[in-house]
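Work through the exercises below with the sequence and the structure in view. Each task is followed by a worked solution.

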There are 2 protein chains.
Amino acid sequence: MRLTRAGEYGIRCVLHLARHGKGTLVSRKEIAVRTDVPPHFLAKIAQQLARAGIIEILQGATGGYRLLTDPSKITLLAVIEAIIGEISLNDCVGRPESCHNSALCTVHRVWNKANQQLRATLQEANFATLAAEDACCLTPFPEADGHNQPSGKK
Amino acid sequence: MRLTRAGEYGIRCVLHLARHGKGTLVSRKEIAVRTDVPPHFLAKIAQQLARAGIIEILQGATGGYRLLTDPSKITLLAVIEAIIGEISLNDCVGRPESCHNSALCTVHRVWNKANQQLRATLQEANFATLAAEDACCLTPFPEADGHNQPSGKK
DNA sequence: ATATATAAGATATATTTAGTCTTATATCGA
DNA sequence: TCGATATAAGACTAAATATATCTTATATAT
């Protein structure tokens, strides 16, 4: 009952992009290095983020990824579910037909509540806020590399 | 990010026992049949429940399992965590040392909140309440055979 | 045209989950 | 005491999933 590595990587990727702001192109290689994600794995994750409309992928010699939306509009939930699908803590939440009477079942109700709460909490978190402070899953300062200055920090 | 089958089975097992009340001995075989859990798998799960102090296992020809505590005192959280260990939705929740500055990290904070909420919700649910109504994961009516008589039936 | 970057899917590896099997031990009742 | 029956415990197998890499194709700037 925990987030997969792919989900975690997706968050890191968007977090890194969010620090550069909407529309800024960042190469896959840079993201991979800064977020400590295997490049080819990142490619797969990026494709899922692109399909979900969160990022745009540009091919070619000067290609890379960039956010399609303002970071404040991107929720943690959206990114996670773009990678791992809709969250459902228990089978009977995602597939009510797997129970004979899920409408009545008290266990089912608890799972539904928990699932709803979890999704709500993840939905409240947006990437403008998340990117504003230090993030434990990124290398300390993205601007050490030169071509960007998120907020004049360091 | 979902409950394992073992966790689900553990809930079914305790739910079935809860319907018989604290202290009533029920054979593994009966539980396995009624909750649709493979008997040997149930044995492993029961051992974990016993280690957690939730049930007692009796060996021998008239052996079986029984609740050590009143169902109202047993929470969904306790049963689940007896089986799958303490819930942690993300690595950095369970192992803060895996981040460089988890105290500051905003992502970390969201996960912490979500994790806490989830555990709280599961803790609010007790098995007296859960067993009171129909449960979608058990066969309809366990009392169909009247008062339980483990040693009497074949 | 070439160099470089990503696309997409196939493949390989590792880990976790799920379930089974075997041998040992406990208890009851003849 | 012995045999029947139940669970104990852990080894073992199988399946599913997660993780990562590899290969070939395609896109773009120069």
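A residue is near a molecule or strand if one of its heavy atoms lies within 4 Å of it. The model is predicted.

**Exercise 1.** Find which residues are closest to DNA strand D, and describe the surface around the strand.

Step 1. DNA strand D is surrounded by 24 residues. Arg5(A), Gln59(A), Arg28(B), Ile57(B) and Gln59(B) are the closest.

Step 2. Of the atoms of DNA strand D that come within 4 Å of the protein, 71% belong to sugar and phosphate.

Step 3. Sort the surface near DNA strand D by class: nine residues are nonpolar, ten polar and five charged.

**Exercise 2.** Find backbone atoms that approach DNA strand D, then name the elements that contribute to the surface.

Step 1. In chain A, a polar backbone atom of Arg5(A) is 2.9 Å from a phosphate oxygen of DNA strand D. For Ala6(A), a backbone N or O atom lies 3.5 Å from a phosphate oxygen of the strand.

Step 2. In chain B, a polar backbone atom of Gly60(B) is 3.2 Å from a sugar or linking oxygen of DNA strand D.

Step 3. Two or more residues near DNA strand D come from each of these elements: α1 and α3 of chain A, and α2 (28–35), α3 (39–51), β1 (55–58) and β2 (64–67) of chain B.

**Exercise 3.** List the buried residues of helix α2 of chain A and state what covers them.

Step 1. In this helix, residues 28–35, the buried ones are Glu30(A), Ile31(A), Ala32(A), Arg34(A) and Thr35(A).

Step 2. Their cover includes α1 (5–20), α3 (39–51) and β2 (64–67) of chain A.

Step 3. After α2(A) comes Asp36(A), with a positive phi near 60°.

Key:
Residues are numbered from 1 along each chain as its sequence is written. Chains are lettered from A and ligands numbered from 1 in the order in which they are written. This is a predicted model: local features need pLDDT of at least 70, side-chain atom pairs count only at pLDDT 80 or more; totals for chains, interfaces and linings use all residues. Side-chain values use heavy atoms; hydrogens and water are left out. Buried means under 20% relative accessible area, exposed over 50%, partly exposed in between (1.4 Å probe, protein chains only). Helices (H or I, at least four residues) and strands (E, at least two) are DSSP runs, numbered from the N terminus. Contact means heavy atoms within 4.5 Å. A polar contact is a pair of N or O atoms within 3.5 Å; within protein, one must be able to donate a hydrogen and the other to accept it, and residues adjacent in sequence count only if both atoms are side-chain atoms. Ala, Val, Leu, Ile, Met, Phe, Trp, Tyr, Cys and Pro count as nonpolar, Asp, Glu, Lys and Arg as charged, and the others, Gly among them, as polar.
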